[in-house]
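Visitor: Can you walk me through this one? I'd like the overall build, then the holes in it.

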Amino acid sequence: MLLRKHLNFLLSTFRLPTRTRILAMSLKTIAVCNESELQDGQMKQVDFEGEGKVVLYRLNDTIHATSAFCTHYGAPLAKGVLTADGRVVCPWHGACFSVCTGDIEDAPAPAAIHSFKAEVVDGKINVTADPSQTLKSKMSRAPNLLSTGTAGSGKSVVIIGGGSATFHAIESLREHGYPGNITVLSKETHPPIDRTKLSKTLITDSSKLEYRTAADLKIKYGTTLRTGVTVTSVDTSSKQVVFDGGKESISYETLILAMGGTPRRLPVAGSDLENVYTFRGIEDSKHVDAAAQEGKRMVVIGSSFISMELVAAVAKRELASIDVIGMEEHPFQNVLGKEVGQGLQTYHESHGVKFHMKTQVEKIVPSESNPSLAAGVVVNGQTLPADFIVMGVGVAPATEFLKQSGFQLEKDGGIKVDKYLKVQGQDNVYAVGDIAWYPLQRTGESHRIEHWNVAGNHGRAVGKTIAGDPQPFAKVPVFWSAQGQQLRYCGLGADYDDVIIHGHPGEMKFIAYYVNRGEVVAVASMQNDPVVSKASELLRLGLMPSPTELREGKNLLSIDISTVSTKARVESI
């Protein structure tokens, strides 16, 4: 009671704003553990009043405290990876935060985490926090926007596309103080969503997946969202984007190309029948969800990650049959190797899925009773009966309209950019996400990578660059896939020449190291978190063990990258 009266006196004396007074009144200081329980380079989750949780981090003699859960899907951060340069990496999907500020370091985190005051008093670690901010339900912190674009500056950014890169670019532009107008031209009918959930759960309501509502984008971020828009050309000489068949145009100072990809269709007879679906957006999810009902027959063309996520998503719906057609010997073989691919195939087969591998589709046959619908797929002279078909055979960069706009496209339709993701030969034009051929930091070789995390981190990088703080892109690619168990992957192993496997892919519990010319270039795992998160940091820092060390049993989780003894080496990257 005496303490409360003293606090009230101080608040009234200094006449603090109402919001500040309310915040001060809600703060509590609690001794959460002994100082001796937290050593240099360690992190520890502790309780904070009731159901609250806080994570403590010790970097040398400094102790930091944050909320306890990743804002992406709620993973416990204390089970992730801490680095000496003050990063905590989520154990699941590669999201990363600053332990000093709670700010986002890497996508796919859609929001920052809370940062709390921590200090040592009489051998105890005391944390001062609003107890409500330590709850999992309140794990996200509002962004610190240095600008909302409401003042007006004469500057303008136009973003073509409405996916992950667009969302993160908007966040980054405002976080880093970009004062101009932002306009988004999106072919989607909704704000940017977490599209990765579609193939894993067949969600059909876009509002359940939105990162920010259209109203929030307008009011809080000063961003005009134009949905259902088809861009037809870009006039780079007059800096105009033309859309809706030439009926409208908008000028830009800076242009971000973030169109993503367009699902491919095989050039075979019947590929355009009504119940032959591709899969990328909400409408595709609606089609497959409606079709995948008990007793129905599903044929999947292509054994891609998206295809097999859909197979896993509908496997419990008691379909009459699920047939998968693939060109490789085993699913994912080109990316994950034969042994891992075989192990995942065995899992799906145990759930009734039939595979037709090393096979090409001859044609899709129409129904005799309704020629607008497909009735089966012909492979090797055999017809696989189908009530619906999903074609998961990859995507092409959605850049067709740029061919007549003076842009030089690569053979696959992608766009080559420099280390700042700026389009070569164009003034203030950037390309990000699935369409961008960008140079890797360590080798300088250009790659086009269709990962959700890459697109998000591209957006964050160009936002910072356009706001005035040039940010070379140097993130390690990360992706994940739901295949009965969660598959994690980091790095770039497409050209691997050897695979080192610890564990048993057939049991869905393993670590696979992908080697190219004597160096580990990628790591995949199942049921071994946070190995891939640790591997992504080791790849970032250039500290990945050699193939020989890994064959001899080296454990990535035993490698120190968090104590003061490693700080100079970590911060030099």
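Guide: Here is a tour of the whole chain, its cavities, a pocket, a helix and one loop residue. The model is predicted, so local features need pLDDT of at least 70 and side-chain atom pairs count only at pLDDT 80 or more, while totals for chains, interfaces and linings use all residues. Residues are numbered from 1 along each chain as its sequence is written, and side-chain values use heavy atoms, with hydrogens and water left out.

Visitor: How many helices and strands are there in the protein chain?

Guide: The protein chain has 13 helices and 38 strands. These are DSSP runs numbered from the N terminus: helices are H or I with at least four residues, strands are E with at least two. The radius of gyration is 25 Å, close to the 25 Å that the globule rule gives for 573 residues, so the chain is as compact as a globular protein of that length. That radius is taken over C-alpha atoms, and the rule is 2.2 Å times the number of residues to the power 0.38.

Visitor: What box do the C-alpha atoms fill?

Guide: Roughly 85 × 60 × 45 Å, along the principal axes.

Visitor: And what share of the residues is buried?

Guide: 53% of the 573 residues. Buried means under 20% relative accessible area, exposed means over 50%, and partly exposed is in between, with a 1.4 Å probe and protein chains only.

Visitor: On to holes. How many cavities of 30 Å³ or more are there?

Guide: The search of the whole structure finds 2. On a 1 Å grid over the protein atoms alone, a cavity is a set of points where a 1.4 Å probe fits but cannot get out; a pocket is an open set with protein on both sides within 12 Å along at least five of seven lines; lining residues have an atom within 4 Å of a point. Points are joined across faces, edges and corners, and a volume is the space filled by probe spheres set on the points.

Visitor: Which residues are closest to the centre of the largest cavity?

Guide: R87, D106, V476, V478 and S536, out of 14 lining residues. The space is about 130 Å³. Helix α11 gives the largest share of the lining, 3 residues.

Visitor: What classes line the largest cavity?

Guide: 5 nonpolar, 4 polar and 5 charged residues. Nonpolar covers Ala, Val, Leu, Ile, Met, Phe, Trp, Tyr, Cys and Pro; charged covers Asp, Glu, Lys and Arg; the others, Gly among them, are polar.

Visitor: What about the second largest cavity?

Guide: About 60 Å³. Its lining includes W92, H93, R488 and S536. Again α11 gives the largest share, 3 residues.

Visitor: Which elements line the second largest pocket?

Guide: β32 (436-439), β38 (519-526) and α11 (531-541) each supply at least two residues. The pocket holds about 790 Å³ of space. R442, T443, E519, V521 and L539 are the closest to its centre, among 33 lining residues.

Visitor: Change of topic. Is helix α7 mostly covered or open?

Guide: Mostly covered. In α7 (residues 305-314), 7 of 10 residues are buried. Among them are F305, M308, E309 and L310.

Visitor: Last one. Where is H190?

Guide: H190 sits in the loop between β14 (181-185) and α4 (196-201). H190 is buried, at 8% relative accessible area. Leaving aside neighbours within four places in sequence, H190 is in contact (heavy atoms within 4.5 Å) with S206, E210, T227 and I282.
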